[in-house]
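Colleague: Got a minute to walk me through this one? I'd like to start with how the helices pack.

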Amino acid sequence: MGYTDQRFDVNLSILFTELPLLERPAAAAAAGFTAVELWWPWIETPTPAQAELDALKKALEDAGTQLVGLNFYAGRLPGPDRGAVSVPGEESDRFNANINVAADFAASVGCKALNALYGNRVEGVDPAVQDELALENLVVAARAADRVGTILLIETLNKPESPLYPLVSAPAGIEVVDKVNEATGLGNAKFLLDLYHLAMNDEDLSEVIEKYAAKTGHVQIADKPGRGAPGTGELPLEELLDQLEKAGYRGYVGLEYKAADAAASFAWLPAEARAAQ
């Protein structure tokens, strides 16, 4: 048990960001990792040119890295936005324009998980209207994900850092997962269990794992406080990941933490344990 039994992947949208996008897969591989994940890399457009998609695919393949998680278009992230699914008007339109682009790219690289960030509450818009729009968009996204054999992830964030994001508890995220599955009948909507965000919301992490491991499709970690590497804060991450494994979770654990020097930040994980089994 412990870290050496997990399947880790490196989030290339928060680590190695000092490098151009196309150089990050090779940097992760040089550090010993074989699996990576990404936020939507083209912040300005939901529909990048095919040449850009092809270049990212080649970079992943040349590095020998498997993309295991990809966000749909989510607005300016990092930045003020937290997704587009529930945001009426142009952002919702952009999300819809992105759905098949992201799904087809995921299929082209064998990525099995697509994450749809819900989006912030918008001043002057009835929350019920946003939730109705979100469900419509997530149903379309779930069907597209199913078409290419991937799961659809729903993520909860944390209120201190994302005060306008409505899904700031595990039950709130699970409620959306259940609604999407009920609407589609596909069962491919899953919970993205991010231990850092849940801890920032002061949730009982062991209880969340016990209740929701079966509905969890992906896990992400960072230590608290500070969102740094494991061991930089107070969270018993090794124990929590053991608990997840005992509860039946066999998926990837995304390293979504901040580090001034990504390569140096992996010292907590033995080099021989970094390649995803």
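Modeller: This is a predicted model. The axes of α7 and α8 approach within 9 Å and cross at roughly 15°.

Colleague: So what do we call α7 relative to α8: roughly parallel or roughly antiparallel?

Modeller: Roughly parallel, because angles under 35 degrees count that way and α7 and α8 cross at roughly 15°.

Colleague: Which hand is the crossing of α7 and α8?

Modeller: Right-handed.

Colleague: Which residues make the contact?

Modeller: From α7, Leu205, Ser206, Ile209 and Glu210. From α8, Leu240, Gln243 and Leu244. By type, the α7–α8 contact has four nonpolar residues, two polar and one charged.

Colleague: Stay on α8. Which of its residues are buried?

Modeller: Leu237, Leu240, Leu241, Asp242, Leu244 and Glu245.

Colleague: And what do the buried residues of α8 pack against?

Modeller: Several elements. The strands are β1 (7–11), β6 (189–194), β7 and β8 (252–255). The helices are α6 (195–200) and α7 (205–212).

Colleague: How does α8 run against β7?

Modeller: At about 170° to β7. That is roughly antiparallel, because angles over 145 count as such. The helix α8 lies across β1, β6, β7 and β8.

Colleague: What follows α8?

Modeller: Gly248, and its phi is positive, near 105°.

Colleague: Switching to the strands. What do they form, and in what order do they run?

Modeller: A closed barrel of eight strands, running β1-β2-β3-β4-β5-β6-β7-β8. The pairing is parallel. From one strand to the next, the twist averages 30°.

Colleague: Take β3 and β4. How many bridges between them?

Modeller: Two bridges, in the parallel sense. Strand β3 covers residues 66–71 and strand β4 covers 113–115. Leu70 stands opposite Leu114 in β4.

Colleague: Now the odd backbone spots. Where are the cis peptide bonds, say at Pro78 and Pro225?

Modeller: One runs from Leu77 to Pro78, with omega near 0°. Pro78 is in the loop between β3 and α3 (90–109). Another joins Lys224 and Pro225, with omega about 0°. Pro225 sits in the loop between β7 and α8.

Colleague: Why flag those?

Modeller: Because most peptide bonds are trans.

Colleague: Back to Lys224. Is that residue buried or exposed?

Modeller: Buried. Its relative accessible area is 16%, and the cut-off for buried is under 20%. Lys224 is in the loop between β7 (216–221) and α8 (237–246).

Colleague: What does Lys224 touch, leaving out residues up to four places away in sequence?

Modeller: Tyr196, Ala199, Met200, Asp202, Gly233, Glu234 and Leu235.

Colleague: Asp202 is in that list. What is its phi?

Modeller: Positive, about 60°, although Asp202 is not a glycine. Asp202 is in the loop between α6 and α7.

Colleague: Is Asp202 buried or exposed?

Modeller: Exposed, with a relative accessible area of 65%.

Colleague: What about Arg227, phi-wise?

Modeller: Positive too, about 55°, and Arg227 is not a glycine. Arg227 lies in the loop between β7 and α8.

Colleague: And is Arg227 buried or exposed?

Modeller: Buried, at a relative accessible area of 11%.

Colleague: Why bother with the sign of phi?

Modeller: Because most residues other than glycine have a negative phi.

Note on methods: Residues numbered from 1 in each chain as written. Predicted model: local features only at pLDDT ≥ 70, side-chain atom pairs only at ≥ 80, totals over all residues. Heavy atoms only, no water. Helix = DSSP H or I, 4+ residues; strand = E, 2+ residues; numbered from the N terminus. Buried < 20%, exposed > 50% of the residue type's maximum accessible area, 1.4 Å probe, protein only. Contact = heavy atoms within 4.5 Å. Axes fitted to C-alpha atoms, helices over the stretch in contact; angles between N-to-C directions. Left-handed = near helix turned anticlockwise from the far one by under 90°. Nonpolar A, V, L, I, M, F, W, Y, C, P; charged D, E, K, R; others polar. Pairing = 2+ DSSP bridges.
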